[in-house]
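Visitor: I would like to learn how to read the pockets, cavities and helix packing of a model such as this one. Could we go through them together, feature by feature?

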Amino acid sequence: MATWHVPLTAEALLNGCRSSEELEQIQAHMLKTGLVLNTFKWNTVIRRYANSNEPEAALILYTQMQTQSVPRNTHTFPFLLKACSNLSAFEETRQIHGQVIKLGFGSQVHATNAILHAYTSSGGVNYGRHLFNLSTNLHDTVTWNTMINGYMKCGEIKKATELFKMMPTKNAISWTVMVSGYVQAGFDMEALEVFQKMQAADMKLDSLVLTSALSACSHLGALDQGRWIHEHINRSGMKIDSMLGCALIDMYAKCGNMGKALEIFEKVGNKSVHAWTAMIFGCAIHGQGREAFSWFKKMKAEGITPNQVTFTAILTACSNAGMVEEAKSMFKSIIKNGHEGHTSSPTIEHYGCMVDVLGRAGLLMEAIDLIKRMPVEPNAIIWGSLLKSCKIHGNLELGKEIGKLVIEMNPDHGGRYIHLANIHAAAREWKLAAETRRKMKAGGVSKLPGCSTISVNGIVHEFVAGDRNHPEADAISSIWHQIADRLKQEGYKPVTTGLLLDLEDNEKETAISQHSEKLATAFALIHTKPGTGIRIFKNLRVCEDCHAVMKLISKIYNREIVMRDRTRFHCFRDGKCSCADYW
């Protein structure tokens with residue numbers, strides 16, 4: 001820090017301070033020269049640091065304020081608590097809460113709100129709940145919103161929902177907290193339901209809630225709802241900033257409309273790395289590996305530095321397009337020097353992508369070697385990816401070893417048991433296959449059911465494999481029998497490998513006919529005009545039989561079927577799929 005050649009006031013010194021290190025030097029100078037600050041000036045500087053990217057400096061300054069016995073007032077603590085919120089500092093929040101009570105400031109609404117926010121931001125939701133229950137006479141809308149947000153952040157979705165329903169007066173922030181909280185927790189259907197109720201309540205829709213709603217549309221593949229939000233943005237004259245632009249690009253890409261995603265991208269000014277990454281990832285899930293690399297090069301040419309998510313997107317593109325050499329080259333550049341001079345150490349997600357690339361290409365031992373060289377312990381997701389590749393490429397012995405390992409690592413994941421049982425079945429080890437399934441049932445582990453959603457006339461319909469609870473279940477079953485007859489005329493034979501071992505062949509055929517994407521397709525054929533495209537979104541990887549069926553249906557009924565499964569898009573047209581049967 002520079003030497004001062006003229007007398008400076010304490011306020012001037014602190015206003016010129018840029019870091020906590022400089023703050024400590026200034027404090028030493030103040031003690032040496034006898035400079036003193038009154039309470040107002042201390043609060044001013046604490047507020048400054050609480051709102052900066054160095055909130056810890058506010059806490060350091062407060063400690064020095066105490067050392068000098070400077071009086072504190074009602075304006076001191078909200079700024080300190082904001083710093084605690086930004087730092088997720090639970091212990092500091094607890095200590096400051098105690099001082100607020102000791103000094104007699106705890107009976108004020110703004111103090112209650114600040115303490116609640118600090119607790120819920122630092123994982124102390126139980127402390128927040130206790131304070132909330134004790135201070136019912138101080139509750140205002142901000143207090144309710146803070147507590148609901150805290151429940152959402154700690155994953156107590158049911159309690160947040162209950163509190164929201166009890167809330168006497170809701171404002172736009174109340175609704176936004178619920179929509180964004182549901183999205184972050186993976187409750188996308190619930191998020192859109194609340195969003196629709198928010199509109200019915202005539203609440204103002206700002207960019208934050210619209211971004212969250214678009215994210216829900218992305219996850220569900222709810223293109224109609226996403227389009228409505230886009231139209232609302234245009235009608236209201238709202239500026240499409242970087243955040244909204246990125247959300248729109250992501251929504252259109254993940255809902256299967258890359259053309260519209262590109263249109264939005266070109267209109268967004270000051271494109272951030274997130275917008276570029278959304279385009280690259282869109283290409284990746286559509287199997288457009290070359291296009292993804294083209295976007296990556298354009299981004300670099302514009303001087304935009306790729307982040308770790310960007311590299312994950314480009315490696316995913318390589319995996320879905322079978323671009324092994326390109327993936328190897330990109331991965332080496334991340335490990336050694338960063339890409340073209342930009343340092344970025346590979347994350348476990350990057351290693352997972354590379355294992356997937358190598359496994360899909362049949363380079364199983366090379367994938368094993370990469371896993372052994374990982375600087376961090378490989379997780380069950382990485383081994384699980386390789387397990388699938390072992391099944392695809394027929395390396396059953398390696399698959400059995402990996403299958404046992406992933407079950408040990410993740411004993412509550414039903415899919416791991418199913419994969420291992422299928423590998424035993426492929427090796428004609430029927431007893432071991434049955435034993436694996438028995439262990440799964442004995443442990444109370446269930447397989448995640450296949451679930452598909454489809455949007456028809458603006459309404460999202462959800463179908464679960466084997467579910468007969470849909471209001472139109474009989475009509476769906478009837479039309480599926482008609483579809484099955486047409487499929488057989490085209491030479492279709494059900495692919496029943498990998499199904500439950502204790503079923504007869506006809507029972508296996510019935511089981512696969514009730515896969516969720518088939519139910520969704522039958523529903524679409526009932527409710528849409530001939531020639532209309534069908535868009536389906538599934539939570540699991542599409543099975544071999546459903547993939548073959550969708551190709552035939554696209555040809556027989558002259559329908560384009562766009563299906564997004566857990567990892568990528570499949571566009572079925574004229575009996576062919578855009579993935580070229582590589583998935």
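Visitor: How do the residues of the lining of the second largest pocket divide into nonpolar, polar and charged?

Guide: Please keep in mind that this is a predicted model. A lining is read by sorting its residues into classes, and here the lining of the second largest pocket divides into 13 nonpolar, 7 polar and 7 charged residues. The space in that pocket is about 510 Å³, and of the 27 residues that line the pocket, Trp480, His481, Thr510, Ser513 and Gln514 are the closest to its centre.

Visitor: Which elements each supply at least two residues of the lining of the second largest pocket, and which of them gives the largest share?

Guide: A lining can also be read by element, and at least two residues each come from the strand β2 (459-464) and from the helices α27 (473-489), α28 (505-513), α29 (516-527) and α30 (544-556). The largest share is that of α27, which contributes 8 residues to the lining of this pocket.

Visitor: How many cavities of 30 Å³ or more does the structure hold, and which residues line the largest cavity?

Guide: A cavity differs from a pocket in that the probe fits inside but cannot get out. In this structure there is 1 cavity of 30 Å³ or more, with about 30 Å³ of space in the largest cavity. The residues lining the largest cavity are Thr74, Phe77, Pro78, Val100, Phe105, Gln108, His110 and Ala111, and the elements that give two or more of them are α5 and α7 (109-121). By class, this lining holds 5 nonpolar residues, 3 polar ones and no charged ones.

Visitor: At what angle do the axes of helix α5 and helix α6 cross?

Guide: For a helix pair one reads the angle between the N-to-C directions, and an angle over 145 degrees counts as roughly antiparallel. The axes of α5 (residues 76-87) and α6 (residues 90-102) come within 10 Å and cross at roughly 165°, and α5 and α6 are therefore roughly antiparallel to each other. The crossing in which α5 passes α6 is left-handed.

Visitor: How are α16 and α17 arranged, parallel or antiparallel?

Guide: The axes of α16 (residues 258-267) and α17 (residues 273-285) cross at roughly 165° and come within 11 Å, which makes α16 roughly antiparallel to α17. Their crossing, too, is left-handed.

Visitor: Which residues does the UniProt annotation "repeat: PPR" cover?

Guide: An annotation is read alongside the model, and may be inferred rather than shown by experiment. According to the unreviewed UniProt entry, "repeat: PPR" covers residues 38-72, 140-174, 272-306 and 307-341. Residues 38-72 are 69% helix and 0% strand, with the end C-alpha atoms 10 Å apart, while residues 272-306 are 74% helix and 0% strand, with their end C-alpha atoms 10 Å apart.

Terms used
Residues numbered from 1 in each chain as written. Predicted model: local features only at pLDDT ≥ 70, side-chain atom pairs only at ≥ 80, totals over all residues. Heavy atoms only, no water. 1 Å grid on protein atoms, 1.4 Å probe; cavity = no way out; pocket = protein on both sides within 12 Å on 5 of 7 lines; lining within 4 Å. Points joined across faces, edges and corners; volume = space filled by probe spheres on them. Helix = DSSP H or I, 4+ residues; strand = E, 2+ residues; numbered from the N terminus. Nonpolar A, V, L, I, M, F, W, Y, C, P; charged D, E, K, R; others polar. Axes fitted to C-alpha atoms, helices over the stretch in contact; angles between N-to-C directions. Parallel < 35°, antiparallel > 145°, perpendicular 65-115°, else oblique. Left-handed = near helix turned anticlockwise from the far one by under 90°.
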